[in-house]
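Here is a short briefing to read alongside the model. Keep the sequence and the 3D view open, and look for each residue as it comes up.

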Amino acid sequence: MQLHLISFVLIILHCMDYTGCQQHSSSRHWQHKQISGVSSGCQQGGCLTCSDYNGCLSCKPRFFMHLERIGMKQIGVCVTSCPPGFYGTRFPERSPCTKCRSECDSCFAKNFCTRCRAGFYLHLGKCQETCPEGLVRNEAQRECAPKCPADCESCVNSETCTRCRQGLYLLSGRCHHVCPDDFEPSDKLMECTPQVHCEVGEWSEWSPCSRSGRTCRFKRGQETRTRQVLRYPSPFGNPCPEISEIKECLVKRRKCPGGRRNERKEQRIRNRKDKETQNGRRERKRERERERDTASTPSLLPLR
């Protein structure tokens, strides 16, 4: 009987101890979650499943899973493209972002770099400390570039330039001091560009025969015709030809509308205007003479 009582008491104490430990463990876990404060991972739009503590656990289709380090732990984030220094690999179940090789600054795949870190030079997707024979190190681009000809500032290979040195002009991958025929230098582009010659359209019809804007009374007059410029020339292109022509013509002598009465009236108006102009000139001349006489006459000072 006593043995049964002792066994029962031990069982009760064991259960109480287990419950306390479980509550203590649960409270520690909750406290750790409160301190970490990483529930923002579940706010990502690309998350398919997530955890308040670990962020995204899986991503929606077409998203990559990237692990961001925060302190001593990593948080899952779903992104549309992997950040610099990582490359994405798509799998049916999971598409992770994987870190590039140590010598790569950015990469397309595990063994294909797109830009190297300082001290390395890119050649055929590999980052190398030295360039192969025939290539030189390009410090600005961090890549192995072909050794350019003396006239080139940059090139694709040893025979094809992409930019010439100052004072030279590029044409078909070569640098020229003087551009070939039918080409002209462009100081802005530093290239030889094709010459553009002037182009004009067809002549218009001849205008009616007239003289001083009239098509009557006079026996001789002029006819004119014009054409438009379709394309203006470049600085070294062929200039444009004449775009207007004038030729003498005969007017069928006839009276102008209104007869001589209108002509006499117009003549009187012209004469009046000429007379007013002459009178104005005479008046201005007299005014200048009076001013000159006034200026030349000495002024008398009063006696003290």
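Which residue lies over the face of W206? The residue is K247, placed 4.4 Å from the ring centre. Please keep in mind that this is a predicted model. The tour below begins with the disulfides, then moves to an aromatic pair, a hairpin and a loop residue.

**Disulfides: the overall picture**

- A disulfide is a covalent bond between the sulfur atoms of two cysteines.
- The count for this structure comes to 13 disulfides.
- One of them joins C47 to C56, with an S to S distance of 1.5 Å.
- Both cysteines of that link, C47 and C56, are buried.
- For another cysteine to look at, try C50, which has 35% relative accessibility and counts as partly exposed, because that value falls between the 20% limit for buried and the 50% limit for exposed.

**The link between C198 and C240**

- C198 and C240 are joined by a disulfide, and here the S to S distance is 1.9 Å.
- The torsion about this S-S bond is about 95°, so the disulfide of C198 and C240 is right-handed.
- C198 sits in the loop between β18 (191-194) and β19 (199-200), while C240 sits in the loop between β21 (229-231) and β22 (244-250), so the disulfide ties together parts that are 42 residues apart in sequence.
- Are the two ends buried or partly exposed? C198 has a relative accessibility of 15% and therefore counts as buried, whereas C240 is partly exposed because its relative accessible area is 29%.

**The link between C209 and C249**

- Another disulfide is formed by C209 and C249, whose sulfur atoms are 1.8 Å apart.
- This link of C209 and C249 is right-handed, with 90° about the S-S bond.
- It connects distant parts of the chain: C209 belongs to the loop between β19 and β20 (220-226), C249 belongs to strand β22, and 40 residues separate the two.
- C209 counts as buried because its relative accessibility is 13%.
- C249 counts as buried too, because its relative accessibility is 11%.

**An aromatic pair**

- How many aromatic pairs does the structure hold? There is 1.
- The partners are F108 and F112, and their arrangement is edge-to-face, with 6.4 Å from centre to centre and 80° between the planes.
- F108 has a relative accessibility of 64%, so this residue counts as exposed.
- F112 has a relative accessible area of 42%, so this residue is partly exposed.

**A hairpin of two strands**

- Strand β7 covers residues 104-109 and strand β8 covers residues 112-116.
- These two strands, β7 and β8, run antiparallel and are joined by 4 bridges.
- To see how they face each other, find S106, which stands opposite R115 in β8.
- The hairpin that joins β7 to β8 passes through 2 residues.

**A residue in a loop**

- Where is S212 found? It is in the loop between β19 and β20.
- S212 is exposed because its relative accessible area is 72%.
- Now compare sequence with space: S212 and Q222 are 10 residues apart in sequence, and from C-alpha to C-alpha they are 9.2 Å apart.

Terms used: Residues numbered from 1 in each chain as written. Predicted model: local features only at pLDDT ≥ 70, side-chain atom pairs only at ≥ 80, totals over all residues. Heavy atoms only, no water. Disulfide = S-S within 2.5 Å. Buried < 20%, exposed > 50% of the residue type's maximum accessible area, 1.4 Å probe, protein only. Phe/Tyr/Trp six-rings, centres within 6.5 Å; stacked < 30°, edge-to-face > 60°. Lys NZ or Arg CZ within 6 Å of the ring centre and 35° of its normal. Pairing = 2+ DSSP bridges.
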